[in-house]
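Dear colleague,

I am passing a structure on to you, and below it you will find notes on what turned up when it was examined. Please read them with the structure open beside you.

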Amino acid sequence: MGIRRIKLIYFSPTGTTRKILEGIAQGFGAANVEQVDLTLPVRARQPVPVLIDELAILGAPVYGGRLPVDAIKRFNQVQGENGLAVLVVMYGNREFDDALLELKNLARELGFHPIAGGAFIGEHSFASAGIPVANGRPDSLDMKKAEEFGRRIKAKVIAVQSTDTLIDVDVPGSYPYEAVGARAMAVSPVTRQDACRVCGTCADVCPTAVISIDGGVTTDAEHCIRCCACIKSCPEEARVMENETWKQITTWLSENCGSRMEPQLFGVDG
């Protein structure tokens, strides 16, 4: 099957999902790659058509074993047009639970034929230098695997004669989905006023627009998805987590999820 262009369509608050999708595209060797970044609210109502001669690579992080609610809302603007899709989830070295199955089912609802899927590892949103959880990932080894995944996807696409002959890609997960997702905690990062210059970077990168700048920084904790983009992007390291439950979870993750997990690939040979 001929592919004219690859569309990387992603929700990636801290950039790790985007990085893996770029690696897959590089391995595929496509000359024409378009990035559709659905992370910020500005893309929430803009339709994203994907034509039959385009390959969509859909990517999102895993929060609490599920896709972020806001990622699903953004993906619902994508129009599959009976084309092929590759599914990618990024998790923080614990487990991806039902998220890849959830993305597969969503892709089918959007009109795609999912042909392959991958679960990759990225630095956990809660991680810090003091409490590491997969810090620095995806690393060079992960990127090599992403590129190899892209090469295998290309071989599979070339072999496709018609979408009518495609066999459904099998991915792990259970339905009804078991994990509760990331919004069970109504907490958010807070701002150290002594360090904050009120530069607005935290508000600029917030995917749910819950951070307001008005002489200071305020956060709507109820609607925060705890992606921690504000923490990882703050030039003054003024955004921090102070909630004790949050700290306990991060410590548990660091102590119990320290062994290196490797990417898992589905729907490709080898």
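A residue counts as buried when its relative accessible area is under 20%. The model you have here is a predicted one, and a good place to begin in it is Ser12, which lies in the loop between β1 (5–10) and α1. With a relative accessible area of 8%, Ser12 falls under that cut-off and is therefore buried. Leaving aside residues up to four places away in sequence, Ser12 touches Thr17, Arg18 and Thr39. Ser12 and Leu40 are 28 residues apart in sequence, while their C-alpha atoms are 9.1 Å apart in space.

The next topic is a pair of helices. Two packed helices are described by the angle between their axes and the distance between the axes. For helix α1 (residues 16–28) and α4, the axes come within 6 Å and cross at roughly 50 degrees, which makes α1 oblique to α4. This crossing of α1 and α4 is right-handed. On the side of α1 the contact is made by Lys19, Ile20, Gly23, Ile24, Gln26, Gly27 and Phe28, and on the side of α4 the residues include Asp142, Met143, Ala146, Phe149, Arg151, Ile153 and Val157. Sorted by character, the residues of the contact of α1 with α4 comprise eight nonpolar, four polar and five charged.

How many aromatic pairs does a search of the whole structure find? The search finds four, and two of them are described here. In the pair of Phe126 and Trp246, the ring centres are 4.9 Å apart and the planes stand at 45 degrees, so the pair is tilted. This pair links distant parts of the chain, since Phe126 sits in the loop between β7 (113–121) and α4 (140–159) and Trp246 in helix α7 (residues 244–256), with their positions 120 residues apart. Both Phe126 and Trp246 are buried. Tyr175 and Tyr177 also form an aromatic pair, with 4.9 Å from centre to centre and 85 degrees between the planes, and this pair is edge-to-face. Tyr175 has a relative accessible area of 62%, so it counts as exposed.

Some details of the backbone also deserve your attention. Most residues other than glycine have a negative phi, and most peptide bonds are trans. Against that background, which bond from Tyr175 is cis? The peptide bond that joins Tyr175 and Pro176 is cis, with omega about 5 degrees, and Pro176 lies in the loop between α4 and β8 (190–191). The peptide bond from Arg137 to Pro138 is cis as well, with omega near 5 degrees, and Pro138 belongs to the loop between β7 and α4.

That loop between β7 and α4 also holds Ala134, which has a positive phi of about 60 degrees although it is not a glycine. Is Ala134 buried or exposed? Its relative accessibility is 16%, so Ala134 counts as buried. Ala209, found in the loop between α5 (201–205) and β9 (211–213), has a positive phi of about 55 degrees and is likewise not a glycine. At 51% relative accessibility, Ala209 lies over the 50% cut-off and therefore counts as exposed.

With best wishes

How values were computed:
Residues numbered from 1 in each chain as written. Predicted model: local features only at pLDDT ≥ 70, side-chain atom pairs only at ≥ 80, totals over all residues. Heavy atoms only, no water. Phe/Tyr/Trp six-rings, centres within 6.5 Å; stacked < 30°, edge-to-face > 60°. Helix = DSSP H or I, 4+ residues; strand = E, 2+ residues; numbered from the N terminus. Buried < 20%, exposed > 50% of the residue type's maximum accessible area, 1.4 Å probe, protein only. Axes fitted to C-alpha atoms, helices over the stretch in contact; angles between N-to-C directions. Parallel < 35°, antiparallel > 145°, perpendicular 65-115°, else oblique. Left-handed = near helix turned anticlockwise from the far one by under 90°. Contact = heavy atoms within 4.5 Å. Nonpolar A, V, L, I, M, F, W, Y, C, P; charged D, E, K, R; others polar.
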